[in-house]
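Student: I should like to learn how to read the features of a protein model. May we go through one together, step by step?

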Amino acid sequence: MIKYIVLACCLLLHSVSDHLFAQSTQHPNIIYILADDLGYGDVSFFNENSKLATAAIDDLAKQGVAFTDAHTSSAVCTPTRYGILTGRYNWRSTLKKSVLSGYSKALIEPERLTVGKLLQQNGYHTAFVGKWHLGWDWSFSGQDEGINSLNTNPPIDFTQPIKNGPDTQGFDYSFGFNGSLDMPPYVYVENGSATSTVIDTTQNADYKGFWRKGPTAQDFNHTTTLDDLTKKATDYINEQAQSSTPFFLYFALPAPHTPILPTTEFLGKSNTNFYGDFVLQVDDVVRRVVEALETQGVRENTMIIFTSDNGCSPRADFEELAKVEHDPSFIFRGHKADIYEGGHRVPFIVNWTGGIDKPFVSDEVICTTDFMATCADVLNVPVPNEAAEDSYSFLPVLHQESLDEPLREATVHHSIEGRFAIRKDNWKLILWPGSGGWSEPQSGEALQGLEPMQLYNLVEDAAEQENLYNQYPEIVDSLTELLTKYIENGRSTPGKLQSNDGPTVWEQLDWMDTAQGN
């Protein structure tokens, strides 16, 4: 009897050994954790004065590569997500400003290559869990007018499957919802079908816990959404870790975006406010993901990327947080929606113990559009000429290769109003007099008497306080010319010229008119 027990144990150990060997010799698993409205200064690794101790996120940074000059392609949700999955600046799409609603149709064309499709084509099992906010096609049971408005609730037949959702964009498995957690309908969709068709109507008007009135499925609870999604994500990791097939998990959190609803376990934990408590709950989500990888023995062969989709929202209550000396934007000007650094400079961490020799901090300028090219570089496969038009691989940075010049020639920023800025080396040119977003000076009378553009030397003036527009006309002209080239060429990377979607002249009108004093 003992002999059979020993034999069974040996067979089990052999099976586990084979599984771990297969996981360690293949392409890495990839997990992209995207926080929602998390500020640069909210992560204690990036802000020594942070009042929030984000231990799990900090551990990723301490054991990986922390980028201090990373930027989202937009200062708001939908456009950034478009750039992450396509490697293309969002303003090249049909969405020229603002965001989609929970009823909006799919923004990404079915034929466009996405990161999900690229990884599928190269043997990965792929999954999306969380907040989609890129539109998909509901089956409307009546008029679908005004579906892009955040204040309408067109009737939907929730018994019918959606079309042009995550499955169309390269995800074998998907579980999530279409808009933000404050945008109806509040319905989970798993692999194209609503998980519940029993619909009620809910609304919460509280400032921090705010969500708009709209249809809510019986199995949808705003307070437990973050936990529900985390369980789906860790279940997926546990399941896929048993396979020799590498996996990609795009885990798009709905937090700490509104509604700001930390669960009881985290209430008061930050000693700041509800927002600070919610940030710590986000940090715990990261802990749970890492714990799942370690439990399954696949942590070493998994590349984890952690970042945010834009800067912190004013809903966090900056004034309240200032009373405890915490600034979600760190030293940077502005916040979510703005063209200023606080709108789009975000914490960005790559943790890959099996692929990064030693931890370090990088000041290389990167953008969230760079994910596609980096994945292709990891797999050693080419990117088609008509895809990832604004994506540069940061794999050489991870490997600490010597670079003769910056990774990116320049980086384009974009605000909620569709205002542009371009960054090259130390210089940032904003082609608009104000914030282009929600902070002062806002568009309107507040712009009267201001210079038509703003030029900042970010090395000497990271807080963007001294406008040097009149002092360096040659730099203004050079950066304006470069941005115009990027727009007209349909790409910022080398390659065959491409076309932008939608109107062909919209890109230049606002800021060119402003520059000419019109």
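Tutor: Let us begin with a term: a helix axis is a line fitted to the C-alpha atoms over the stretch in contact, and the angle between two axes runs from 0 to 180 degrees between their N-to-C directions. Two packed helices are described by the angle between their axes and the distance between the axes. Please keep in mind that the model before us is predicted.

Student: At what angle do the axes of helix 2 and helix 6 cross?

Tutor: Helix 2 (residues 55–62) and helix 6 (residues 274–295) have axes that cross at roughly 55° and come within 7 Å. Helix 2 is therefore oblique to helix 6.

Student: Which residues meet in this pair of helices?

Tutor: On the side of helix 2 they are Ala 55, Ala 56, Ile 57 and Leu 60; helix 6 contributes Asp 283, Val 286, Arg 287 and Val 290. Six residues of this contact are nonpolar, two are charged and none is polar.

Student: How many residues of helix 3 are buried?

Tutor: A residue counts as buried when its relative accessible area is under 20%. In helix 3 (residues 77–86), ten of the ten residues are buried, so this helix is largely enclosed by the rest of the structure. Among them are Cys 77, Arg 81, Tyr 82 and Leu 85.

Student: Against which elements do the buried residues of helix 3 pack?

Tutor: They pack against three strands, namely strand 1 (29–35), strand 3 (125–131) and strand 9 (247–252), and against helix 4 (115–121) and helix 9 (371–379).

Student: Is helix 9 largely enclosed or largely open, and why?

Tutor: Helix 9 is largely enclosed by the rest of the structure, because eight of its nine residues are buried. The buried residues include Phe 371, Met 372, Cys 375 and Leu 379. Their packing partners include helix 3, strand 10 (302–308) and helix 10.

Student: What should I look for in the backbone angles?

Tutor: Most residues other than glycine have a negative phi, and most peptide bonds are trans. Departures from these habits deserve a look. Asn 164 is not a glycine, and yet its phi is positive, about 55°. Asn 164 sits in the loop between strand 3 and strand 4, and it counts as partly exposed because its relative accessible area is 26%.

Student: What is the phi of Gln 400?

Tutor: Gln 400, likewise not a glycine, has a positive phi of about 55°. The loop between helix 10 (395–398) and strand 13 (411–414) holds Gln 400. With a relative accessible area of 42%, Gln 400 is partly exposed.

Student: Which residues take a positive phi just after helix 3 and just after helix 9?

Tutor: Gly 87 follows helix 3 directly, with a positive phi of about 70°. Asn 380 comes just after helix 9, and its positive phi is about 60°.

Student: Where are cis peptide bonds found?

Tutor: One joins Pro 184 and Pro 185, with omega about 0°. Pro 185 belongs to the loop between strand 4 (173–177) and strand 5 (189–190). Another joins Thr 258 and Pro 259, again with omega about 0°, and Pro 259 lies in the loop between strand 9 and helix 6.

Student: How many disulfides are there?

Tutor: A disulfide requires a pair of cysteine sulfur atoms within 2.5 Å. By this rule the count is zero. For Cys 312, the nearest cysteine sulfur is that of Cys 77, 12 Å away. Cys 312 is buried, because its relative accessibility is 1%. For Cys 367, the nearest cysteine sulfur belongs to Cys 375, at 14 Å. Cys 367 is buried as well, with 1% relative accessibility.

Student: Which residues does His 27 touch beyond its neighbours in sequence?

Tutor: Leaving out residues up to four places away in sequence, His 27 touches Tyr 124, Pro 246, Asn 301, Val 378 and Leu 379. His 27 is in the loop between helix 1 (2–25) and strand 1. From His 27 to Gly 123 there are 96 residues in sequence, but the C-alpha atoms are 9.2 Å apart in space.

Student: What is the mean pLDDT of the chain?

Tutor: The mean pLDDT is 93, and 92% of the residues reach 70 or more. The value is below 50 over residues 505–509, a stretch with nine contacts beyond near neighbours in sequence. Residues 514–518 also stay under 50. Where pLDDT is low, the predicted coordinates should not be read in detail.

Conventions. Residues are numbered from 1 along each chain as its sequence is written. This is a predicted model: local features need pLDDT of at least 70, side-chain atom pairs count only at pLDDT 80 or more; totals for chains, interfaces and linings use all residues. Side-chain values use heavy atoms; hydrogens and water are left out. Buried means under 20% relative accessible area, exposed over 50%, partly exposed in between (1.4 Å probe, protein chains only). Helices (H or I, at least four residues) and strands (E, at least two) are DSSP runs, numbered from the N terminus. Angles under 35 degrees count as roughly parallel, over 145 as roughly antiparallel, 65 to 115 as roughly perpendicular and the rest as oblique. Contact means heavy atoms within 4.5 Å. Ala, Val, Leu, Ile, Met, Phe, Trp, Tyr, Cys and Pro count as nonpolar, Asp, Glu, Lys and Arg as charged, and the others, Gly among them, as polar. pLDDT is the predictor's confidence in each residue, from 0 to 100.
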